[in-house]
There are 2 protein chains.
Amino acid sequence: MAKERVPNVSVDCVVFGFDEEQLKVLLIEQRPMPGVAQIQYAIPGDLVFKRENLDEAAARILLELTSLKGMFLKQFKAFGDVDRVNKQKDKAWLRSFREKPDARVFTVGYFSLVKIDEYDPRAASFAGRAEWRSIKEIPSLAFDHNLILTEALKHLKSDLELKDLAFELLPDKFTLSQLQRVHEVVLEKELDKRNFRKKLKAIKGIHALEEKQKGVDHKPAMLYRFQKE
Amino acid sequence: MAKERVPNVSVDCVVFGFDEEQLKVLLIEQRPMPGVAQIQYAIPGDLVFKRENLDEAAARILLELTSLKGMFLKQFKAFGDVDRVNKQKDKAWLRSFREKPDARVFTVGYFSLVKIDEYDPRAASFAGRAEWRSIKEIPSLAFDHNLILTEALKHLKSDLELKDLAFELLPDKFTLSQLQRVHEVVLEKELDKRNFRKKLKAIKGIHALEEKQKGVDHKPAMLYRFQKE
DNA sequence: TCAAAAGTGTTGCATCTACACCCATGG
DNA sequence: CCATGGGTGTAGATGCAACACTTTTGA
């Protein structure tokens, strides 16, 4: 596959993770030039290769960033406002990294759900430039990335209710409290423990293991696994 | 606004209408050159202008096509497969109408809901080249437009259930049977009349008028109007 | 008077919500 | 033995599916 890039269409990938407590997003540092102190944060993305489909481009970005394959990945919206890459704050970076810094660039937004404990920052080619940020503490981002993130969250939220997305954010073995916490954080509301567990019984695919949590200073929880289908 | 177009990003607009019986889509004829007999059908669309946002481009296409303003319009998906405009069947048209017939073109799909009785085919600049087709009788379309249509339907279907989209397809004054029929056609399942009406009572915004259907050879139905909010 | 669609309620079943106490573990 | 989160059931309210007959109109 030729590595030549289309000049004006990119894919941005909002990577969500869950760390037992908060919903997090993977942001990358964006310096106007290597070595410069001034930093801005951005959602990872790249121009699409000339012989690459959109879904492939998104998977590639995710792989480069996380060294993870086969994670949940879904297109949610295209962004193409005339001035979306035309703000003062982004000029320096564009001049350093883009052949045509003034080109109008369209981007297709994807969101991905990864198991945060499988993520190894050292393995990625963005090494050292990526960091998890709680969605409650998002700084001002490059381009229209705050908007892209907001839209991604909106889609995640409405998808979570119906589909089995929550498991994509949890480790292979998880407790029911963790599962509940994911729902609470994403949906931004508290849930009743007993009612939540009752609903789970209706979902097939959740299997109790014969194994408990270890090393916690309270009653250890039963571990579960999710098997699709 | 400059009418110059971006070379490789388009917007396609799947226009749905409802004619009392079936869900319809507006297709346009696509002749390789004016006057040529050989016809292919396509979903209306156009390359985006250089100084035009995506939503604006979609509204423009809809306006040119239907002379309607303010209709429901929603982005549902971007399409960018490498070979989506690279099939034999589409070559002739591309050579006639595109400056760079071999360019890879990305497209952003929108769907629109219009009141079919407000649509005046003569008023549109696509005059005489557009026609309503039942979604049950869709021919093989240009490019990847069969896929785009399928995806649009999928999104319409899932949106209809929760939101107030059905009213967008009906005339200003409508009967409850018409409303039910829209749901049945889009969701592809029959609904129980009494249960359907019970659910409607929960939705606010539906107001009975003091007016009945005229000129039908059966008991005339009460007319209703929908007022958002 | 016939055909065709409009209009209207009840019941059983499934689902949702609200709510409080005992249990197992590590420190 | 204390603090911490794990784990469990019931009752009342709400929502959903199934189901049949009478009414009004034009032809």
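A polar contact is here a pair of N or O atoms within 3.5 Å; within protein, one of them must be able to donate a hydrogen and the other to accept it, and residues adjacent in sequence count only if both atoms are side-chain atoms. The model is predicted, with pLDDT of at least 70 needed for local features and 80 or more for side-chain atom pairs, while totals for chains, interfaces and linings use all residues. Residues are numbered from 1 along each chain as its sequence is written, chains are lettered from A and ligands numbered from 1 in the order in which they are written, and side-chain values use heavy atoms, with hydrogens and water left out.

**Exercise 1. Find the polar contacts to the bases of DNA strand D, and describe the surface around that strand.**

Step 1. In B:Asn195, an N or O atom of the side chain is 3.0 Å from a base nitrogen of DNA strand D, and for B:Asp192 the corresponding distance to a base nitrogen is 3.3 Å. From chain A, a polar side-chain atom of A:Lys198 lies 2.7 Å from a base oxygen.

Step 2. The elements that give two or more residues to the surface near the strand are α5 (193–202) of chain A and α5 (193–202) of chain B, helices being DSSP runs of H or I with at least four residues, and strands runs of E with at least two, numbered from the N terminus.

Step 3. With "near" meaning a heavy atom within 4 Å, 20 residues surround DNA strand D, and among the closest are A:Lys193 and B:Lys219. These residues divide into five nonpolar, four polar and eleven charged, where Asp, Glu, Lys and Arg count as charged.

**Exercise 2. Determine how chain B is related to chain A, and describe their interface.**

Step 1. Superposed by least squares on C-alpha atoms of residues with pLDDT of at least 70 in both copies, chain B falls on chain A after a rotation of 180° with 0.1 Å of shift along its axis, at an RMSD of 0.1 Å. The two copies are therefore related as by a two-fold rotation axis.

Step 2. Counting heavy atoms within 4.5 Å as contact, 21 residues of chain B touch 21 residues of chain A.

Step 3. The buried area, that is, the accessible area (1.4 Å probe) lost on putting the two parts together, summed over both, is about 1,600 Å², of which carbon and sulfur atoms give 52%. B:Val82, B:Arg104 and B:Phe106 supply 27% of the area that chain B buries against chain A, more than any other three residues.
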